[in-house]
Amino acid sequence: MKRARNFNAGPAALPLEVLQRAQNEWLNIEDSGMSVMELSHRSSEFEKIHNHAIQSLKDLMEIPENYEVLLLQGGASLQFSMIPMNILKDGKRADYVLTGSWSEKALKEAKKVGETAVVASSKDEQYTFIPKVEDIKLNDDAAYLHITSNNTIYGTQWKDFPETGNNIPLVADMSSDILSKKIDISKFGIIYAGAQKNLGPSGITVVIIRKDLITDNDKIPSMMNYSIHSKNNSLYNTPPTLAIYLLSLVLDWAKEQGGVEKIAEINEEKAKVIYDAIDGSDGFYKGHALPDSRSLMNVTFTLPSKEAEVQFLKEVKQAGFVGLNGHRSIGGCRASIYNAVPLSHCQDLADFMKKFQESYKATEAQTL
Ligand code: PMP
């Protein structure tokens, strides 16, 4: 069977085992005689799947009792608005750290809701690094501090997180690195992530929220109101049942891999293989991120010239690798190596990079 070596940034590679299990259960789920898409979202069969997904996430991420897991719609992008609408109270300001396009977008939406401030940024340096935690000075009246834990487009990732204390909740967009490594949930007020990178297909957004941040407010539209979703176990309206089912299978798969710690070990190894290819290339490949800010999920790099890059992207595609073009906003190349991308695919890519470098240099030498 043909399976691509898929380095897409999201939607991205899913574990083959998950797809096979979904295929086996496609026509008859839980002995219901129906496909999961035909089940009522109020049925006991679906409720079991839904609650299993939530419980699996709690188990895998060791989510403490005083947090709730919500499964919402509208992508991570809707959270850019929902967060300030729900927790940016009058007289307070929302602090943002800018580390890339997604943080900028999050800030843009918060500005429509209330007062905001930028407390650190690497924009002037083309977002090549994550600001140092000790350089972030929070405003006294901060309602929360927002960060993007992994910058999908620029390929940078936070290694340690600011200590904000309970009064200023730390809010993190973890769309592109949730479940990729162990994190201490108690440091955060809200964690949110679109599922389409490490958790499953698109269409579902996970929100992990400290319970005291969920407060009643009738002024907020119901679909954007954490309290309403919480009171209804994320079943206020019809959820994307197929996406939730696939999320539950991906989480089962993650447990079978040995959980987050084991996955993190493999992720380190995968990223090292590709960064080694960059670092060992005598400057032929150049990483966008500064070494101490490098992402283990999105490896971004450029080649010595536009021509070399075009040639590389053409040949890498011909060789059966998918999704290596950099984001349209910055160009270059990007290998997204989320949890479901096997180590062997990263090794294959590193080998390809070495071979391409040799052949490109040989051709160049001939034409000189
Ligand atoms: N935040 C980050 C870090 C992302 O990578 C993305 C999407 N690639 C988004 C937010 C937006 O997510 P969505 O498309 O699910 O709204």
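A polar contact is a pair of N or O atoms within 3.5 Å. In this predicted model, such a pair links the protein to its ligand at Ser77, where a polar side-chain atom lies 2.6 Å from an oxygen atom of the ligand. Next door in the sequence, Ala76 takes part through its backbone: one of its polar backbone atoms is 3.1 Å from an oxygen atom of the ligand. Asp173 faces a nitrogen atom of the ligand instead, with a polar side-chain atom 2.6 Å away. With the protein in place, 85% of the 390 Å² of accessible area that the ligand has on its own is covered.

It helps to look at the whole shell around the ligand next. There are 13 residues around the ligand, and those that come nearest are Ser77, Thr152, Asp173, Gln196 and Lys197. By class, the shell holds 8 polar, 3 nonpolar and 2 charged residues. Helix H3, which spans residues 75-87, gives the most to this shell, with 4 residues.

Elsewhere, a pair of helices is worth a visit. Two packed helices are described by the angle between their axes and the distance between the axes. For helix H7 (residues 259-279) and helix H9 (residues 343-367), the axes come within 9 Å and cross at roughly 5°. Angles under 35 degrees count as roughly parallel, so H7 is roughly parallel to H9. On the H7 side, the residues that meet H9 are Glu269, Lys270, Val273, Ile274, Ala277 and Ile278. Their partners in H9 are Leu343, Cys346, Gln347, Leu349, Ala350 and Met353. The contact of H7 with H9 has 9 nonpolar residues, along with 1 polar and 2 charged ones.

Methods:
Residues are numbered from 1 along each chain as its sequence is written. This is a predicted model: local features need pLDDT of at least 70, side-chain atom pairs count only at pLDDT 80 or more; totals for chains, interfaces and linings use all residues. Side-chain values use heavy atoms; hydrogens and water are left out. A residue is near a molecule or strand if one of its heavy atoms lies within 4 Å of it. A polar contact is a pair of N or O atoms within 3.5 Å; within protein, one must be able to donate a hydrogen and the other to accept it, and residues adjacent in sequence count only if both atoms are side-chain atoms. Accessible areas come from the Shrake-Rupley method with a 1.4 Å probe; for residues, only the protein chains shown count as cover. Helices (H or I, at least four residues) and strands (E, at least two) are DSSP runs, numbered from the N terminus. Ala, Val, Leu, Ile, Met, Phe, Trp, Tyr, Cys and Pro count as nonpolar, Asp, Glu, Lys and Arg as charged, and the others, Gly among them, as polar. Axes are lines fitted to C-alpha atoms, for helices over the stretch in contact, and angles run from 0 to 180 degrees between N-to-C directions. Angles under 35 degrees count as roughly parallel, over 145 as roughly antiparallel, 65 to 115 as roughly perpendicular and the rest as oblique. Contact means heavy atoms within 4.5 Å.
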